[in-house]
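User: Please take a close look at the pockets of this model, beginning with the largest pocket. Which helix supplies the largest share of its lining, and what else lines the space?

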Amino acid sequence: MKRSDRYRHILEYFGKESPHVTTELDFGSEYQLLVATLLSAQCTDKRVNQVTPELFRRFPDAHSMAEVEAYDVLPYIRSVSYPNTKANHLVEMSRMLVEKYNGEVPRGMAELTSLPGVGRKTANVMRAVAFGEAAMPVDTHVFRVSHRLGLVPDTADSPLAVEKYLVANIPKDLLADAHHWLLLHGRYICTSRSPHCDECPFVRFCPQKINH
């Protein structure tokens, strides 16, 4: 099957079966989504959603977070991965938001990635989820599924390379949804270990199954 046919089959399936999808992170504002996304790096959304209610009650916005030190934030996020680093990033990020953007989250990629702790994937989550822009965040799930389903070549060996390939092959108006489709497929079906191939609607043309 040609790669273009793979895209067509997969996008048509998800468009019919899961037309309306969004992040599984809980948040009440653009700032809170940014915080939750930063916390979700190498951590599950489920775990992040367990710590953010209390965190957001104490620090609902950038202004409140900017006024404290990392050790004040740490007790709220101690159960997530790399809590010390993330506490530092949250405080530094909040201070920069207050100093440069009056506490608001900027929209541009360059501005977003200039914030402490914010990489390209997190910036693209903000662009896609918070601002409704055509963006393709590539996390470990999207990266894995894109390769397993043959949506990208083996030479696309970095998140940026996968992002560029997906952006070039997915209609602009579907990019944000396609991110969630691929992510959730990787999270629940095409898992890293012991993928649930018997539940996968694409198994008949999956290169992993055909070649083994």
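Analyst: In this predicted model, α11 contributes six residues to the lining of the largest pocket, the largest share. The helix spans 175–188. Three further helices, α3 (45–58), α8 (120–130) and α9 (140–148), each give at least two residues to that lining. In total, 24 residues line the largest pocket, and the space inside comes to about 490 Å³. Nearest its centre lie Ser 40, Cys 43, Asp 45, Asp 139 and Arg 187. By residue class, the lining of the largest pocket holds eight nonpolar, 10 polar and six charged residues.

The second largest pocket can be described in the same terms. Its volume is about 230 Å³, and its lining is made up of 17 residues. Here the largest share comes from α8, with four residues. At least two lining residues each come from α6 (83–101), α8 and α10 (159–169). The residues nearest the centre of the second largest pocket are Ala 41, Gly 119, Arg 120, Lys 121 and Thr 122. The lining of this pocket divides into seven nonpolar, six polar and four charged residues.

The helix α8 links the two descriptions: α8 supplies at least two residues to the lining of the largest pocket, and four to that of the second largest pocket.

Notes. Residues numbered from 1 in each chain as written. Predicted model: local features only at pLDDT ≥ 70, side-chain atom pairs only at ≥ 80, totals over all residues. Heavy atoms only, no water. 1 Å grid on protein atoms, 1.4 Å probe; cavity = no way out; pocket = protein on both sides within 12 Å on 5 of 7 lines; lining within 4 Å. Points joined across faces, edges and corners; volume = space filled by probe spheres on them. Nonpolar A, V, L, I, M, F, W, Y, C, P; charged D, E, K, R; others polar.
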